[in-house]
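User: Please take a close look at the charged side chains in this model, how they pair up and where they sit. I would like one connected account with the cut-offs spelled out.

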Amino acid sequence: MAIRQLSETLINQIAAGEVIERPASAAKELIENALDAGATRIEIATAGGGKALLRVSDNGSGMDAADLELALRRHCTSKISETLEDIRTLGFRGEALPSIGSVARLSIASRKRDSTGGHEIAVTGGKIAHMRPAAANPGTIVEVRDLFFATPARLKFLKTEKAEAGAITEIVKRMAIAFPAVRFVLSGSDRTTLEFPATGDDHLARMAQVLGKEFRDNAIALDAVREEISLTGFAGVPTFNRGNSAHQYAFVNGRPVQDKLILSAIRGAYAETIPSGRYPVAVLSITLDPALVDVNVHPAKSDVRFRDPGLVRGLIVGAIREALARDGSRAATTGASDMLRSFRPGFQPNSQRPQGGWSAETSPSRPFQPTTGFGERPQASFDGLSMPTARAEPQFSPPSAPEPNARYPLGAARAQIHANYIVAQTEDGLVIVDQHAAHERLVFEAMRKALHSKRLASQVLLIPEIIDIPEEDCDRLMQHAAELSELGLAIERFGPGAIAVRETPAMLGEVDAHGLIRQLADEIAEWDTASGLSAKLEYVAATMACHGSVRSGRRLRPEEMNALLREMEVTPGSGQCNHGRPTYIELKLSDIERLFGRS
């Protein structure tokens, strides 16, 4: 078959298939163009989920007749010079407008700020009409109608109008968070109007507009630098979580991205603090030299590739964990709201109440695998770590000072109810503490500290296990051999394509060495880190902490309760247990007064 040159229209339609996947993709490209033009007000209107109509209006710098004509040609752009190593704009490919014009009915009206008149040009299925003068305000209006009418096959793969409209809404939210100084308005016949007024330099105010006002009260500021990369933003406290990852936003040099490396780092930073199936709320902004990141990986520019992914991941995990250790022990404010709602007449909980009333055995705060008592079996695998073990009395010492007053953050213990919940009085309200969940967290943090303070105890295998894996995986594992040895896993090279495992961590008991080595090799290949073994050890520590803490149903003396509160105040992450449940709920005096109709 002879080779031939494709037509310009077909080339544009192929490009459209890569750049414009759905109406939301077109909206993203047009909003990026408006932001790059310096717009401070952007209005988006849709109909039919963006398939029938998508209009983006801005007050940016605008274009003259010559710019309009070039804008509809492929590979014409004002956003890059002769290199791709210093890209500082959102859009840069120069394919969006001609790609949209090849599969839709496109019209552009624009006027420069210093011009007395504007111009308009239209494209229908790749055919460009003659330019004509037009009355227009300074800025640009891009209108896209009947998207994919020229490629009907693509229409079959689009979702419902509601789903496509929701995708456009998500794009606008991401852009709004990234640019708080810009006013965004999203309207149309297929939606209710959504408006984000400009907040200037107050990024947290814009995040509250998008994520809800509760985020402001439950967010912890992030500000960290590692080498030439800086990280700013906000991370929610662990107990302020959601049912999916849609509330995690990441930006690289101001560009919204959905990068799996960043999402994985967020998940790793919140390990052991959030229940399974729940996701933290976070907004991260990464700033670095454009030469250190490749934004040209995907035509839609949603993915990026870092030159040093391990450095970026370490920065994110370290910054979030440091913030949680500093300020993450407080409980989410939503806990008080949920509690107040439960007092309202006619309230029905989501889960069914246990038959026969409340008991420690049926409480949702009970240990996952309760035992019959304390100290019935020794925790031998931790003998060499000098870590807390289960025993009949609490593992905190009663204070020698007089009874504390309510000026402490968690106040002074006043009562214990149902032998499980501590009620403490603070200066402006009260705190209810789940004694088992709280002490479980204290024991776990003590174990975690011991895990990282010295080399873990290991058990020597009588016969070393030889594991055959690809040579490149052997090389990667041996680069991390010293790190793995500190965690109790001793490995050696055994020929060109094999690893010999001589010691395994004692606290893991019987280990599937083959599965562990292969999992570590896969992790190192993808992330250049061997954190999987450390995560396994911390999981074991969390399980043991659950069995080594004060049980539900154990009555405590006042000095023991107050000692527990003081320990919680200085322990990182004490606002939630190892399974992600809150350890305490705080009620302000104003909340209590509302219950009694006093305010």
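Analyst: R174 and E170 are four residues apart in helix α6 (residues 161-178), so about one helical turn separates them. Helices here are DSSP runs of H or I with at least four residues, strands are runs of E with at least two, and both are numbered from the N terminus. The two side chains form a salt bridge, with 3.5 Å between their closest N and O atoms. By salt bridge I mean a side-chain nitrogen of Lys or Arg within 4 Å of a carboxyl oxygen of Asp or Glu. R174 is buried at a relative accessible area of 9%, whereas E170 is partly exposed at 23%. The labels work like this: buried is under 20% relative accessible area, exposed is over 50%, and partly exposed is in between (1.4 Å probe, protein chains only).

Before going further, a word on the basis: this is a predicted model, in which local features need pLDDT of at least 70 and side-chain atom pairs count only at pLDDT 80 or more, while totals for chains, interfaces and linings use all residues. Residues are numbered from 1 along each chain as its sequence is written, and side-chain values use heavy atoms, leaving out hydrogens and water.

In general, side chains of opposite charge can pair when their charged atoms come close. The structure holds 24 salt bridges. One of them joins the side chains of E43 and R183, at 3.9 Å from N to O. Because E43 sits in strand β1 (residues 41-47) and R183 in strand β8 (residues 183-188), this pair ties together parts that are 140 residues apart in sequence. Both ends are partly exposed, E43 with a relative accessible area of 35% and R183 with 26%. The pair also belongs to a wider arrangement: R41, E43, R183 and E195 are linked in a network of salt bridges.

Another bridge to look at is the one between D67 and K112, whose closest N and O atoms are 4.0 Å apart. It links distant parts of the chain, with D67 in helix α3 (residues 65-71) and K112 in the loop between β3 (105-111) and β4 (118-124), 45 residues away. D67 is partly exposed, at a relative accessible area of 30%, and K112 is partly exposed too, at 28%.

Now for charges outside salt bridges. E227, E228, D289 and D308 form a negative surface patch. A patch takes residues with over 30% relative accessible area and no salt bridge, joining like charges within 9 Å and nonpolar side chains (Val, Leu, Ile, Met, Phe, Trp, Tyr) within 5 Å. Asp and Glu count as negative and Lys and Arg as positive, with His and the chain ends not counted; each charge is placed at NZ of Lys, CZ of Arg, CG of Asp or CD of Glu. Within the patch, E228 lies in the loop between β10 (219-226) and β11 (229-236), and it is exposed at 58% relative accessibility.

Two lysines can be placed by their C-alpha distances. K260 is in helix α9 (residues 260-269) and is exposed, with a relative accessible area of 57%. Its C-alpha is 8.4 Å from that of D303, which is 43 residues away in sequence. K454 lies in the loop between α12 (435-451) and β22 (458-468) and is partly exposed at 41%. The C-alpha atoms of K454 and E486 are 7.4 Å apart, with their positions 32 residues apart along the chain.

One more charged residue concerns the backbone: D146 has a positive phi, near 50°, though it is not a glycine. D146 lies in the loop between β7 (139-145) and α5 (152-155) and is partly exposed at 34%.

As for the setting of these residues, the protein has 18 helices and 25 strands, and buried residues make up 48% of its 599 residues. It exposes about 29,100 Å², of which carbon and sulfur atoms supply 51%; areas come from the Shrake-Rupley method with a 1.4 Å probe, and for residues only the protein chains shown count as cover. Among contacts (heavy atoms within 4.5 Å) between residues at least 6 apart in sequence, 71% join residues at least 24 apart.
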